[in-house]
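Biologist: I would like to learn how to read a protein model feature by feature, so could you guide me through one, giving me the general idea before the particular case?

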Amino acid sequence: MRIRDWEGVALIIGAGDIGRCIFDYVTAASPNMDVVVCGRNATNQNDIYLDLEDDHSFTSFEDRISLYKKPLRLVINTSGFLHSNHIKPEKRLSHINRSNIIKNFTINAIAPILIAKSIEKFIRPDLPFSFASLSARVGSIGDNRLGGWYSYRASKAAQNQFLKTLSIEWRRKFPLSIVSILHPGTCDTKLSKPFQSAVPKDKLFTPSQSCEYLIDIISEQKPSDSGKFLAWDSSIIPW
């Protein structure tokens with residue numbers, strides 16, 4: 001089903017560069033969708049505040065979703081954590097500490113499955129539904145050749161396992177649902193900015209480019225594709 005034909009509610013989790021691009025794209029391409037951005041940086045009146053590190057925030061998130069009269073059809077999680085002013089990806093074992101690991105797992109692994117838990121009650125088994133979440137190629141265990149980035153790699157791998165498992169459960173409950181685990185490529189955002197020097201120019205995508213690649217994948221998938229770990233070009237990434 002093409003995106004222009006979708007009718008219902010679309011939730012975009014994460015108000016960063018990719019999240020806002022996807023919001024703009026879906027809003028323009030699908031006039032019958034109510035498209036809503038959800039995150040801590042919610043700034044517009046129709047946005048939904050959601051703090052992925054606060055369990056109480058998920059409760060109010062569910063309350064807001066329940067107010068919509070249209071069915072929930074699309075949820076895209078664009079949130080992710082790699083670094084901050086105080087936390088950097090670990091280059092070696094000696095850099096590891098508990099707080100770094102917990103921060104990465106909270107946003108990259110735990111949040112996506114809690115989002116799924118919150119939205120489950122709003123999914124209709126008789127309608128096609130898509131839940132997509134951004135992962136990363138470095139979350140692939142089979143593709144890990146460089147090492148380093150312990151917490152980020154492990155947290156993305158954990159997300160992949162959570163969502164693969166989710167796809168199996170939802171295949172039974174919601175036979176028309178699709179769970180997508182997507183690598184958007186290296187995108188020119190705040191998350192990747194300090195690590196772009198080694199990226200070839202033709203492989204550093206703008207948020208708009210990544211958005212189009214991701215929406216193309218989501219639009220083309222069928223329920224039989226649920227649970228796949230895919231790159232921006234639709235190629236399958238090893239677990």
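Modeller: Let us begin with a pair of facing residues, remembering that this is a predicted model: Val-9 stands opposite Asp-34, which belongs to strand E2. The two strands concerned are E1 and E2 (residues 33-39), which run parallel and are joined by six bridges.

Biologist: What holds the strands of a sheet together in general, and in what order do the seven strands of the open sheet follow one another here?

Modeller: In general, the strands of a sheet pair through backbone hydrogen bonds, and the pairing may be parallel or antiparallel. In this structure the seven strands form an open sheet with parallel pairing, in the order E3-E2-E1-E4-E5-E6-E9. Strand E3 (48-49) and strand E9 (228-231) are the edge strands, each of which pairs on one side only. At the E9 edge, strand E6 (residues 177-183) runs parallel to E9 and is joined to it by four bridges, with Leu-182 standing opposite Leu-230 in E9.

Biologist: Is strand E1 enclosed or open to the surroundings, and how many of its residues are buried?

Modeller: A residue is called buried when its relative accessible area is under 20%. For strand E1 (residues 8-13), six of the six residues are buried, so this strand is largely enclosed by the rest of the structure.

Biologist: Which residues does Ile-13 touch, and which members of the largest nonpolar core touch the most others?

Modeller: Leaving aside residues up to four places away in sequence, Ile-13 touches Cys-38, Leu-50, Leu-52, Phe-61, Val-75, Ile-76, Asn-77, Thr-78, Ser-79 and Ile-115. The largest nonpolar core has 33 residues, and those that touch the most other members are Leu-11, Ile-13, Phe-61, Val-75, Ile-119, Phe-131 and Trp-170. Helix H3 (residues 98-119) gives the most to this core, contributing five residues. Another core, of 22 residues, lies apart from it, and includes Ile-12, Leu-74, Cys-211 and Leu-230.

Biologist: How should I read individual residues of helix H3, for instance Ser-118 and Ile-101: which of them is buried and which is partly exposed?

Modeller: Ser-118 is found in helix H3, and it counts as buried because its relative accessibility is 2%. Not counting residues up to four places away in sequence, Ser-118 touches Phe-58, Phe-61 and Glu-62. Ile-101 also lies in helix H3, but it counts as partly exposed because its relative accessibility is 33%. Together with Leu-93, Ile-96 and Tyr-150, Ile-101 makes a nonpolar surface patch of about 340 Å².

Biologist: What sign does phi have in most residues other than glycine, and what is phi of Trp-149?

Modeller: In general, most residues other than glycine have a negative phi. Trp-149, however, has a positive phi, near 50°. Trp-149 lies in the loop between strand E5 (129-134) and helix H4 (150-173), and it counts as partly exposed because its relative accessibility is 24%. Ser-234, which is not a glycine either, has a positive phi of about 75°. Ser-234 is found in the segment after E9, and its relative accessibility of 45% is why it counts as partly exposed.

Biologist: Finally, how far apart are Ala-29 and Val-179 in sequence and in space?

Modeller: Ala-29 and Val-179 are separated by 150 residues in sequence and by 21 Å in space, taken from C-alpha to C-alpha. Ala-29 has its place in helix H1 (residues 17-29), where its relative accessibility of 26% is why it counts as partly exposed.

Definitions and conventions. Residues are numbered from 1 along each chain as its sequence is written. This is a predicted model: local features need pLDDT of at least 70, side-chain atom pairs count only at pLDDT 80 or more; totals for chains, interfaces and linings use all residues. Side-chain values use heavy atoms; hydrogens and water are left out. A nonpolar core is a set of buried Ala, Val, Leu, Ile, Met, Phe, Trp, Tyr and Cys residues joined through side-chain atoms within 4.5 Å. Buried means under 20% relative accessible area, exposed over 50%, partly exposed in between (1.4 Å probe, protein chains only). Contact means heavy atoms within 4.5 Å. Patches are made of residues with over 30% relative accessible area and no salt bridge: like charges are joined within 9 Å, nonpolar side chains (Val, Leu, Ile, Met, Phe, Trp, Tyr) within 5 Å. Accessible areas come from the Shrake-Rupley method with a 1.4 Å probe; for residues, only the protein chains shown count as cover. A salt bridge is a side-chain nitrogen of Lys or Arg within 4 Å of a carboxyl oxygen of Asp or Glu. Two strands pair if DSSP finds at least two bridges between them.
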